[in-house]
Every structure is written in C-alpha cells, then in structure tokens.
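Have the sequence and the 3D view open side by side. We will walk through the fold in short steps.

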Amino acid sequence: MFMKYKFILFILLSFATSQYSLAQKKVGLVLSGGGAKGFAHIGVLKALEENNIPVDYITGTSMGAIIGGLYASGYSPDEIQELILSEDSKRWATGIIEQQYIYYFKKEPANAEMINFNIQVTGKEAKAQLPSNLIPTYQLDFAAMQLFAGASATADYNFDSLFIPFRCVATDIYKNEAVIFSKGDLGKAIRASMTFPFYFKPIEIDSVLLFDGGMKNNFPQDVLIQSFQPDYIIGSKTTSNSKKPDPDDIVVQLENMLMNKIEFDLPENGILIESKFEDISLLDFDKTEFIIQTGYDNTLRLIDSIDLMIQFKSDSSLISKKRADFKNKTKTITFKDIYIKGLNSKEKIFVINSIYKKDTLFNILDFKKEYFKLLADGTISSIIPEARYNKQTSYYDLYLNIKEKSRFNAGIGANISSGAINQGYASLEYNQLGLYSRILNANINFGRLYNSLQLKARADFPTKIPIGISASYTINRWNYYSSSSDPFFEDTRPPYLIKNESNIKINIFTPVKTTGVMRFSAAYGDIKDEYYQVMHFLKTDTTDITNFNYYNFQLAFERNTLNYKQYPTQGVYQNVSINYLFGKEEFIPGSTSLTDETINEIHAWYNIRFTHDKYLKFNKSISLGYYFEASYSNMDFFSNYTSTMLNANDFQPTPHSKTLFINTYKAHSYLAVGIKPVILITDDIHLRAEIYGMLPYQKIMSDDNNKAYYNMDLSNPTFLASGAIIYQTILGPASLSINYYDKLDKKYYFVFNFGYILFNKKGNE
C-alpha cells in the first residue's frame, strides 16, 4: 500500500514539475515592417490574446515597432485597433492638423505657392534645398510623445520594464547600419523606426540621424533571439523582399536600393503568420479594417499549430490585472520646467513666453495648442518634443529640440489653364526669430490676366495677448478682355479694361481663440482704371481713364478652418468687416467718351460686409457646403456708369469667377446665398457642384449718357453655377469645370486648371 501511495506522489510531483517547467518557458513575438500592411499585426495580437497564447517579449520594425510599442506600453489589441481606426491616426499619416489647432493668427493670406524650399547661404554661395519629406511630421512628433511618454516614465526609460519587454530597430543613415533601441524615450525610438525615407522627415537621437529600421532589418527575429532568448517564436510577416527591378519602375528601383534583403524563415521553435496583400501599397491607409481582419483570420488558421507548439496558456484575468496595474502606475503628464535646444537665449525667451500663459504648470493638451501655434510661426521649421519624468519635482520636464527655418526661403507656383488665365508666381522670404519673430517677404505674380508685386514686413510679439503688426506695399494690375478664349485658344484682341491698383497698408491684429483673428487696417491706395465705354473699338482709340486716390480704414474679424485654400471640402470661413473709405476721383475722357470734360469729385462712404462659408460632413463620402454673403454700402456714383461699376462690390464666390469682370455680379449692396454638394471619391478626389443666387439691392443701371442710376424696382435675382471634378495633388488642385454666368454674351465656360487662382489683396479689401 505504501508503495502505491509513493508511486502516486511521484506522478503528481512529476506533473507539477513539468507544468512548472512549461510555465517558465517564454514566447517572443516579432513584427515586420510593411507600411499600412503592418496593421495586420493588430489582428494577430487580438487572435493570440483571445486564445490565451502568451507574449513575453516583442521586437518590431517600422509599423511593427508602432503596433508592438503600443502593446508593450499596455494598450490592449482592441484599444490599438480603436486608435488606428481613429481620425487621429489618419492625421499622423497625412500631416493634417485638427481644425481647433490651426492657428489662423499666424497664417498669411493665401497665395499661389506650390513648392517652398530653403536657400542655404554659405559665404558667397547660395544653394536651394528642396523639401526632404512629402508629409509634415508635426502631428507624428507630438503623437510619439503623447502616446508613449507615460509608459516610458513608468518603465524608468528601460524597455525591459515595460508591460512587455520590447526592442525596435532604426537605421543610422551615416554609418549605414541598424540601431537597436532597448532604453531611452520610447516614443522617439518608435518615431525613428518608422521614418520611411522621403515620406517622413528623419529624426535625430543623440546626434545620430535615423531612418526607417526596415532599410536594414525589416524582420528583427535576430534581435529577439539575441536580446531575450525566447523558447518559442511567433512571427507576423506583412512584407517581402523587393522584386527584381524593372527599368521603368522607379519605386521598385528605390526599394532595391534602400531595403536590405531579409531572411524570413524562423527556426524550428518558431511559427510564421504571413499576411499577403496584392493590391495594397505601403502607404495605403484606406483599407485598415480589412487589413486587421486579414491578420486575425490568418492567425486563427494557424492557432492549432500554435497550440501544439506552445502547450501552456496565459491567464486572461492575470493579463488584464497586470495591464491595469502598469497603467495605474503611469503618471499623468503635467509639465513644469521647459528645456530648449537649438535656439539662442533670446529665441528661447520667445518660445517660453509663447508657452507659459497663466501658470507655470500645464498639461499636454495645453501644450498641444501652443505647440501648433509655435509651428505656425514662419520662423520655426520643426519641434521635436519629449516629456521626461522628474522624480524630484513629481512633474514632467518638457524638452524641445527646435530647428529654425533657413533665414531665406523661396516659393514658386503657377496656374496652368486651358484659357487665358495662365499665371506664374514666385516669392522670396527672410525670417528671423528673437525676442519677437519677424518676416520680410517679396512676391510677384505674372500672367496675361494678372500681374502683381508685393513687399511685406511682419513682426509678432508673444505678449500675454499676442499682437502682430505688418506693413505692405502692393502693385496690382488686371487685364480684362472683351471676349474670352475657347479651350486652349487665346483671344489675341487687346484688353477692353485695365485696372491698375497700388496701395500701402498697415495692419495691427490679434488672435481670437485659435482659429480667428481681429484686425485693424489703415491703407492709402491709388487706382487707375483704363476702359472703353463701348464694346466695339479700334486699336487707334484711346481709353477713358479714372484715377482714384483714397484712404481706407477697416476693422475686421476673420475665422478660417477650411481644409484647402481652394476647393475646400470641410471647415468654415467667416468674415465680418467694416470699412470707411474716402478719396478723390479724376476722370480723363478718351476718344470714345461721350464727354470731353475732365471731372474731379470727392467721394466718401462706408461698407459693411459679411461672409459665411461652411461645410457639413454627413458621412465619409458626402459633405454639403452652404454659403451666405451680404454687403451694404452708402457709396455714391462715380462720374460714369463704368467707373461706378469698377469700384462697386464684387460677388465672386468661385475661383473662375474672380478672373472675369461681369456687371451682373456687381452692386453697392446685395444678398447672396449658395449651396455646394460635394461627393468625396477619395481623400484627394471629389466631385462638386456650386449654385449661387445673388439679389442686388437698388441695382445700378446706365442711362443714355453712360451715367449710373439706381433701379428702384425690386430686382430679380441673378444666378451663377459651377460643376467640377477636383484632384488635390501635393502641388495644388487640378480641376476640370464647367461654369455658368448670367450675362448677355457667352454664358458657359469649360475650363481646365492646375494650380491656384489667387491674387494679392487690394487696399480697400
């Protein structure tokens, strides 16, 4: 009997020992790069957790570093999925800033610039430097801090002490070798690992310039083995080595030059989960849910093999408790002290005064507003933020690595059109940061329709209530033709109306919250209008001339959150302005004038104008814009009908309408409404229709002597419409449109445009 119990005890001890031995074995997970395809890793993690497969260590590269880093920081697979499917994730990939963080106070009036580049001046040489990345990384740099700062501090900046021990890989571009991160700031390490060349701007850590780890090691199983020696390995692969390059495929050629060939085969103690995607590119972020589900399904297909290899299970309740305990240790991010690198003492004062507003303590959302405000300043190129926990103060220290813009910057742009509105644009800018920021700018527009030169200076002061002051000198010239060209064939007849305008303007402005600005302007302007008061004239005829020298004072409020400066699909634009204007008119008759007398008159009037343009987004594919504009003025008549109309208020709601002079849409006072349905085919391509109605109050008419008078009868509304397909390219919008105008001669205009139709402001605007 004793022997029997002894045998049973032996069996029980043996079983317990074997279970203890199994429990001591560890599982490592390696996650490949692969761009958007790497979202499949989320599905892999989800399936593993649901089936109680333990994950004791993680290594990842690029997208694998992001997903693995989130999991190692205590995010559950469901939380990671929710984060990746959010609008925040899309903003990280595209660089688009949320509307509430667009600091309109720092924005200059929209111009036709398509490409901006730095000019490096060394000695007697000046070299142009084109942008090194397609997508702005401001959002990504901030998100790297916001998502991972707490976990970094909880782990005391040791990746072995995270919720799951973790490693990620980046590439030292100078030494051309892999860099393995095991400690330090987790967010910066992950930001380095996923810096896809030419798409995102590289990041510098400890004076080393770092790019995507996939260039050297896109499947870091060797890092997993060397760092953790796991008993079992699970690999999630969403990428492959580049195929043999084709002479005409530059993308594959670049992949072969940049990416090392990687061995994806795992050792005998490993199993590989491979998610293949034939029709999804590295940067295709529109199919995230499908990609995640594919990773999940592929894992479930292999779950029996995984169970057979890994015969011990994790306890889901213990995992949840461990995750909750790790998160509970994470300190809320509250900043106290600021440390700045990359600026001199005066420049640091500007930044500190911009951030500290009410108190010396501020949270991460407070800082986010000031972060984007600083980046909106024309003198700052980039800010790499880092939150580092200070055990002595029990707050986080904020470290900012700030890079100024090159002192000299240049921009070029154009509008390429099927009609007579081809346009060129160039600008040169000098900027400097000190106790206040200052910018000097010169730009030129040139084309058949419009020519302009503008010189401008601006200074911004980081006072408790920020204040900006600008001064500008602008010369504008518009040439309007008696008929418009058909597509690709320009009208060679001389212009029937030339509008020359120059002005000197001073602005004082201050922000209203984040997206608005209040502005007071004072301007002196000189207008010279040359025109024929008949539509049939000879080349030997001389024009009538109206000179008008004026002073203009304006108080205006403006708010703008539109997502594009031309053809927007979301956001709102509001403008309320009050102008008081007075000046002297001089009329000089030409050969077709009905009078030979030179006329001099004094004019003074006020003008109140209100514009509201808003887009409502109903779902992912449809938005609806609505437009309202009202103008009221007590302006009197000029010496003749044409000069009166030239100085009346314009209703020009579409880009193409700004290129035409149409009396139908000019009045001293009017109401106008519009509706703009938009169908989003992709994030960059949309169809839009625009329909507007304008109702003039006291329509301006011409008598037999070409004198202006009011028609006191109730006016009939006039209409304007446009239908277009728009492609918002990296350089600017490409549009194919048909435009309708309510006028006697040509009513329909079929136009192709690539670029911006934007003009410098007049002195009375």
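Helices here are DSSP runs of H or I with at least four residues, and strands are runs of E with at least two, both numbered from the N terminus. Keep in mind that the model is predicted.

Start with the whole chain. It has 15 helices and 34 strands. Of its 765 residues, 52% count as buried. Now take the contacts in the chain with a separation of 6 or more. Residues 24 or more positions apart account for 67% of them.

Next, pick out one helix, α14. How far apart should its two ends be? The helix covers residues 364-376, which makes 13 residues. The expected span is 1.5 Å times one less than the number of residues. That gives 18 Å, and the end C-alpha atoms of α14 are 18 Å apart, so the expected span and the model agree. Look at the start of α14 as well. There, a side-chain oxygen of Asn 363 comes to within 3.0 Å of the backbone nitrogen of Leu 365.

Which residues of α14 are buried? The list is Ile 364, Phe 367, Lys 368, Glu 370, Tyr 371, Phe 372, Lys 373, Leu 374 and Leu 375. Several elements help to cover them. Among them are the helices α6 (138-154) and α13 (345-355). The strands β11 (334-341), β12 (362-363), β13 (380-390) and β14 (395-404) are also included in the cover.

Those four strands belong together. They form an open sheet in the order β12-β11-β14-β13, with mixed pairing. β12 and β13 stand at the edges, and each has a single partner strand, so one side of each has no neighbour in the sheet. Inside the sheet order, β11 and β14 pair in the parallel sense over six bridges. To find this pairing on screen, look for Ile 340, which stands opposite Leu 400 in β14.

Helix α14 also takes part in another feature, an enclosed space. Rolling a probe the size of a water molecule over the atoms shows where empty space is left. How many cavities of 30 Å³ or more are there? The count comes to six. The largest cavity holds about 140 Å³ of space. Its lining is made of 14 residues. Nearest its centre lie Tyr 103, Lys 106, Ser 354, Pro 462 and Pro 466. The elements giving two or more residues to this lining are α13, α14 and β18 (450-461). The largest share, three residues, comes from α14.

Now follow the chain past the sheet to a hairpin. Strands β15 (residues 408-417) and β16 (residues 423-433) form it, with five residues between them. The two strands pair in the antiparallel sense over eight bridges. One bridge links Asn 409 with its partner Glu 429 in β16. β15 has another link, to strand β34 (residues 748-755). Those two run antiparallel and are joined by three bridges. In this pairing, Ser 417 stands opposite Asn 753 in β34.

Further along come strands β23, β24 and β25. β23 (residues 571-588) and β24 (residues 599-617) pair in the antiparallel sense over 17 bridges. Phe 582 faces Ala 604 of β24 in this pairing. β24 also pairs with β25 (residues 622-633), again in the antiparallel sense, over eleven bridges. Here Lys 614 stands opposite Tyr 626 in β25. A hairpin joins β24 to β25 through four residues.

Finish with two backbone angles. Most residues other than glycine have a negative phi. Ser 62 has a phi near 55°, a positive value. Ser 62 sits in the loop between β2 (57-61) and α3 (63-72). Is Ser 62 buried or exposed? Its relative accessible area is 8%, so Ser 62 is buried, as the cut-off for buried is under 20%. Beyond its neighbours within four places in sequence, Ser 62 contacts Gly 33, Ser 193, Met 194 and Asp 212. The C-alpha atoms of Ser 62 and Asn 218 are 7.6 Å apart, though 156 residues separate the two along the chain.

Asp 156 also has a positive phi, near 55°. Its place is in the loop between α6 and β5 (166-172). With a relative accessible area of 46%, Asp 156 is partly exposed.

Conventions: Residues numbered from 1 in each chain as written. Predicted model: local features only at pLDDT ≥ 70, side-chain atom pairs only at ≥ 80, totals over all residues. Heavy atoms only, no water. Buried < 20%, exposed > 50% of the residue type's maximum accessible area, 1.4 Å probe, protein only. Contact = heavy atoms within 4.5 Å. Polar contact = N/O pair within 3.5 Å; in protein donor to acceptor, adjacent residues only side chain to side chain. Pairing = 2+ DSSP bridges. 1 Å grid on protein atoms, 1.4 Å probe; cavity = no way out; pocket = protein on both sides within 12 Å on 5 of 7 lines; lining within 4 Å. Points joined across faces, edges and corners; volume = space filled by probe spheres on them.
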